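Here are some notes to read beside the structure, set out point by point for someone meeting it for the first time. They take up helix packing, then enclosed and open spaces, and then two places in the backbone.

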Amino acid sequence: MSTESEPLYLGFDLSTQQLKAIIITSDLKVLYEAKVDFDADLSKYGIEKGVHVNEAEREVYAPVAMWLEAVDLALLRLKEKNTPFPRIKGISGAGQQHGSVYWSVTGEKLLGSLDPGDTLVNQLSKKAFAHPFSPNWQDASTQKECDAFDAALGSEERLAQVTGSKAHHRFTGPQIMRFQKKYPEVYRSTSRITLVSSFLASIFLGRVAPFDISDVCGMNLWDIDAGAWSEPLLKLAAGDDGVDSLRTKLGTVREDGGGSMGLISNYFVQRYSFNTDCGIAPFTGDNPSTILALPLRPLDAIVSLGTSTTFLMSTPKYLPDPAYHFLNHPTTAGLYMFMLCYKNGGLAREKTRDSLVKSEGSDPWETFNHVALSTPPLGQKDTSDSAKIGLFFPLPEIVPNVRAGTWRFTCNSNGTSLQELETGWSAEDDARAIVESQILSLRLRSQNLVNSPSDGFPPQPRRIYLVGGGSLNPAIARIVGDVLGGTEGVWKLDVGGNACALGGAYKAVWAIERGAGESFEELIGKRWREREAVEKIDQGYREDVFRKYGNVLKAFEEMEGRVLAGEERNK
């Protein structure tokens, strides 16, 4: 097949602050990229970092019209790069999780009759939506609704068992519940409710797209075991308007993460010269899309080290707990996606870095890295020394759910005699301790989901991939390997900031080109060029130090419990 006729695939990532688009070949080579930065390109919407904030009600939301304008702008920028749109055979992508878009009856009709001579925003923004804004994942306005969701099935543990997560402010079910109470008339006039992922898919499909089997798990409404909407939770979210009305607004959930939902809307054929046979594959959430940026095997893990810290793992085990999230895998039936999210990631590490002597060179992390690597594990120069463990939360944390603060403890090497320190310890000790603390929390909460990757090794991940800004830091990579292990090592996934968009593009390739029964991992695994995408940056598992951290894991859990017990709500 000549390169001029080789099929291409388009992946999108509609995140909080940007819309990214990436075009790849069948053999996964990146050819074209474009992005729209909302603050820089669409500041006329009055947003900051992509959103509006109503601090009085702790609301965070984004204008849907801005997203529409971004779609045309991203495609225009691809057009300016002479992108051969007629060769694109499939489109998929990712949307920020949990956000909801409220369509009007008129909107559903307009989607199918767009004029290619005009823009999306001109044709849809005024009449297509019952409500002009979409709640953002940072929204924290739904505490009352979360309390009701946690109580609806008897406990937060039972809610997590059914839906994969306890109630969270950002989850769509509590958001819908609050919306219908705050805007009852607007809610009644809403014809359909989509997630951000299915909103974006709908634009390209020319009709409202069904929910994706993975992204639907971020709503607190989907019964994962039953594979159906949870009736009592629908009833709770719907309020007086009734379950049947909400079920109609939500529509269906597509169980197959692949295949084509239909052909591209004629709007894009006429306006941008897409081929009429371009298929629209299911779009998914940004976190599920991240695990599709490589052929992730069970027991492989991704640690995203950005402003926040996120831990992602593919697993055949469904063991939900209120402390973390379980979702259906976005492509592979029988697998689940395990996810941990922390607010205190890069910013917390930077605060500790800035308490040290300033680096003399151009690398602001030079001093931090030197101190962290020269400090022995758990601050123990000798086995008789007490182990140092702590919690470092400049921001209120989700896991565990505690106020902002710093707590420092010591314990024996075997985890006994846990004691809180009144005076703390030196800033130099904090450098290693803060990274250890963040990674010990990952190990604590993932320990029941891993098993021995091969004979002779204790349970741990097989391979650990680091993404995000922190993945460039050698000290963090070393401590990740020390604490979490990784029998095949710690690797840096080098896809820039494009993991979600790339995962969407890979999903499109698999969705359109898969053979009968061929899994995403099989197809992408055969085409993925590891040498071009990843670099091994640490050996990972070291028997003695891995055991040392394992010995204090119970003490770390006890420390969290003591801090939690000190919360006002728990007294």
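1. Two helices count as roughly parallel when the angle between their axes, taken in the N-to-C direction, is under 35 degrees. In this predicted model, helix 15 (residues 366–374) and helix 17 pack at an angle of about 30 degrees, with 8 Å between their axes, and helix 15 and helix 17 are therefore roughly parallel to each other. On the side of helix 15 the contact is made by Asn-369, Ala-372 and Leu-373, and on the side of helix 17 by Pro-474, Ala-475, Arg-478 and Ile-479. Sorted by class, the residues of this contact are five nonpolar, one polar and one charged.

2. Helix 17, which spans residues 474–484, also packs with helix 16, here at an angle of about 45 degrees and with the axes 9 Å apart. Helix 16 and helix 17 are therefore oblique to each other, and their crossing is right-handed. Helix 16 brings Arg-432, Val-435, Glu-436, Ile-439, Leu-440, Leu-442 and Arg-443 to the contact, while helix 17 brings Ile-476, Ile-479, Val-480, Asp-482, Val-483 and Leu-484. The contact of helix 16 with helix 17 has nine nonpolar and four charged residues, and no polar ones. Ile-479 of helix 17 is worth finding in the display, since this residue is named in the contact with helix 15 and again in the contact with helix 16.

3. A further helix pair is formed by helix 7 (residues 172–182) and helix 10 (residues 231–238), whose axes come within 7 Å and cross at roughly 35 degrees. Gly-173, Ile-176, Met-177 and Gln-180 are the residues of helix 7 that meet Leu-236, Ala-237 and Ala-238 of helix 10. This contact divides into five nonpolar and two polar residues, with no charged residue in it.

4. How many cavities of 30 Å³ or more does the structure hold? There are three, and the largest cavity contains about 110 Å³ of space. Its lining consists of 15 residues, and those that lie nearest the centre are Tyr-342, Phe-393, Ser-437, Gln-438 and Ser-441. Strand 20 (387–393), helix 16 (427–446) and helix 22 (553–565) are the elements that give two or more residues to this lining, and helix 16 gives the most, with four residues. Helix 16 thus appears both in the lining of the largest cavity and in the packing with helix 17. By class, the lining of the largest cavity has eight nonpolar, five polar and two charged residues.

5. The second largest cavity has a volume of about 50 Å³. The residues that line this cavity are Ser-197, Ser-198, Ala-201, Ala-209, Pro-210, Phe-211, Asp-212, Arg-254, Met-261, Pro-282 and Phe-283. At least two residues of the lining come from each of helix 9 (196–205) and strand 10 (211–212), and helix 9 gives the most, with three residues. Seven residues of this lining are nonpolar, two are polar and two are charged.

6. Turning from cavities to pockets, the second largest pocket has a volume of about 300 Å³. It is lined by 18 residues, and the closest to its centre are Ile-213, Glu-255, Asn-328, Ala-333 and Gly-334. The lining of the second largest pocket divides into eight nonpolar, seven polar and three charged residues.

7. Two places in the backbone deserve a closer look, given that most residues other than glycine have a negative phi, and most peptide bonds are trans. Between Val-399 and Pro-400 the peptide bond is cis, with omega at about -5 degrees, and Pro-400 has its place in the loop between strand 20 and strand 21 (405–411). Strand 20 has already been named among the elements that line the largest cavity. The other place is Leu-28, which is not a glycine and yet has a positive phi of about 75 degrees. Leu-28 lies in the loop between strand 2 (18–25) and strand 3 (30–37).

Key
Residues numbered from 1 in each chain as written. Predicted model: local features only at pLDDT ≥ 70, side-chain atom pairs only at ≥ 80, totals over all residues. Heavy atoms only, no water. 1 Å grid on protein atoms, 1.4 Å probe; cavity = no way out; pocket = protein on both sides within 12 Å on 5 of 7 lines; lining within 4 Å. Points joined across faces, edges and corners; volume = space filled by probe spheres on them. Nonpolar A, V, L, I, M, F, W, Y, C, P; charged D, E, K, R; others polar. Axes fitted to C-alpha atoms, helices over the stretch in contact; angles between N-to-C directions. Parallel < 35°, antiparallel > 145°, perpendicular 65-115°, else oblique. Left-handed = near helix turned anticlockwise from the far one by under 90°. Contact = heavy atoms within 4.5 Å.
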